[in-house]
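Trainee: Could you take me through one part of this model closely, and then show me how the rest sits around that part?

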Amino acid sequence: MSEAPQTPGQLDHHVEGHVGYVTFNNPAKFNAVNYDMWCALPIAMRALADNPQVRLIVLQGAGEKAFVSGADISQFNTHRNGDASTHYNEATQAGYAAVLDCTKPTLAKIRGICMGGGLGLAINCDMRMASADSKFRMPAGRLGLGYAFEGIKRFTEVVGTANTADLFFSARIFGADEALRIGLLKQMAPVEAFEEIVSAYVQMVCENAPLTLAAAKRTLLEIRKNPHEQDLAGVQAMVDACFTSEDYKEGRKAFAEKRTPQFQGK
């Protein structure tokens with residue numbers, strides 16, 4: 001009997017309440033990202049960022065075994081070799097940039113394997129939360145791959161130069177406890193409580209004022225730029241808009257009344 005053909009991986013996205021979800025759906029390969037998924041990532045991120053209902057974007061992997069195990073190496077001979085490598089590299093760089101430059105807060109929800117391209121995607125998010133059984137690795141050195149300047153720069157911003165050197169030079173596997181210790185993770189949670197803990201944090205973020213979140217995220221994006229490229233006037237305009245908003249009035253009123261504010265993003 002012949003085996004059933006394997007379903008190729010795909011990238012899914014949807015909205016629940018004020019949360020936009022991007023799901024790397026390739027469980028047969030531990031959610032490895034293929035070329036089509038890389039191409040779809042900027043489109044999904046843009047759709048969620050442009051949705052006024054969305055206040056936080058969560059990146060996650062399908063199933064419980066992996067966030068993302070990396071790029072789909074089975075495509076390297078066809079998509080990352082010779083002239084084809086240019087198109088593949090452009091797609092991956094666009095995917096990474098779509099996450100890093102997203103105008104809304106982003107959270108990597110990590111369960112299980114988070115390695116290679118998956119670790120690159122996770123570190124490009126604003127925040128990372130992982131289950132205690134998660135495993136991390138940057139295996140570029142074992143594959144002979146060159147890692148882009150911006151990618152390594154981002155690692156140094158999150159975990160520092162010494163830790164970045166270690167992760168890239170050793171290409172070793174490490175656990176969630178060490179990932180938390182070096183600053184890669186915001187929080188590590190027990191496996192059995194992971195969904196509940198992440199959901200509680202997501203709800204906490206989404207209860208906050210959208211204009212305030214947007215202004216803070218814009219500031220974080222500008223900080224990453226060279227000083228002569230920073231749009232400080234644009235940041236200040238967003239900050240000023242917070243103080244003239246209906247949400248600011250609601251926030252003060254809710255504080256005085258000792259209740260949860262109901263923000264509308266205006």
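Here is a walk through the sheets and then the helix pairs.

Trainee: Let's zoom in on the six-stranded sheet: in what order do the strands of that open sheet come?

Mentor: Quick housekeeping before the sheet. This is a predicted model, where local features need pLDDT of at least 70, side-chain atom pairs count only at pLDDT 80 or more, and totals for chains, interfaces and linings use all residues. Residues are numbered from 1 along each chain as its sequence is written, and side-chain values use heavy atoms, with hydrogens and water left out.

Now the sheet itself: six strands make an open sheet in the order 1-2-3-5-7-10, with mixed pairing. Strands here are DSSP runs of E, at least two residues long, and helices are runs of H or I, at least four, all numbered from the N terminus; two strands pair if DSSP finds at least two bridges between them. The edges belong to strand 1 (10-16) and strand 10 (187-189), each with a single partner strand, so one side of each has no neighbour in the sheet. On average, neighbouring strands of this sheet are turned by 20 degrees against each other, direction ignored.

Look at strand 2 (residues 19-25) next: six bridges pair it with strand 3 (residues 56-61) in the parallel sense. Valine 22 stands opposite leucine 59 in strand 3. Across this region lies helix 1 (residues 35-49), which covers strand 1, strand 2, strand 3 and strand 5 (106-110) and runs at about 10 degrees to strand 1. Contact means heavy atoms within 4.5 Å, while axes are lines fitted to C-alpha atoms, for helices over the stretch in contact, with angles from 0 to 180 degrees between N-to-C directions.

There's another open sheet, of four strands in the order 4-6-8-9, also with mixed pairing. Strand 4 (66-68) and strand 9 (173-175) are at its edges, each with a single partner strand, so one side of each is left without a neighbour in the sheet. Two bridges join strand 4 to strand 6 (residues 113-115), and these run parallel. The bridge partner of valine 68 is cysteine 114 in strand 6.

On to the helix pairs. Helix 10 (residues 210-223) packs against helix 11 (residues 232-243) at an angle of about 165 degrees, with axes 9 Å apart. That makes the two roughly antiparallel, a label for angles over 145 degrees; under 35 counts as roughly parallel, 65 to 115 as roughly perpendicular and the rest as oblique. Helix 10 passes helix 11 in a left-handed crossing, meaning that the near helix is turned anticlockwise from the far one by less than a right angle, with clockwise being right-handed. Among the contact residues are Leu211, Ala215 and Arg218 of helix 10 and Val235, Met238 and Cys242 of helix 11.

Helix 6 (residues 149-159) and helix 7 (residues 161-170) pack at about 125 degrees, axes 7 Å apart. That makes helix 6 oblique to helix 7, and the crossing is right-handed. Ile152, Phe155, Thr156 and Val159 in helix 6 meet Thr161, Asn163, Thr164 and Phe168 in helix 7.

Stepping back, the chain has twelve helices and ten strands. Its radius of gyration is 19 Å, close to the 18 Å that the globule rule gives for 266 residues, so the chain is as compact as a globular protein of that length; the radius is taken over C-alpha atoms and the rule is 2.2 Å times the number of residues to the power 0.38.
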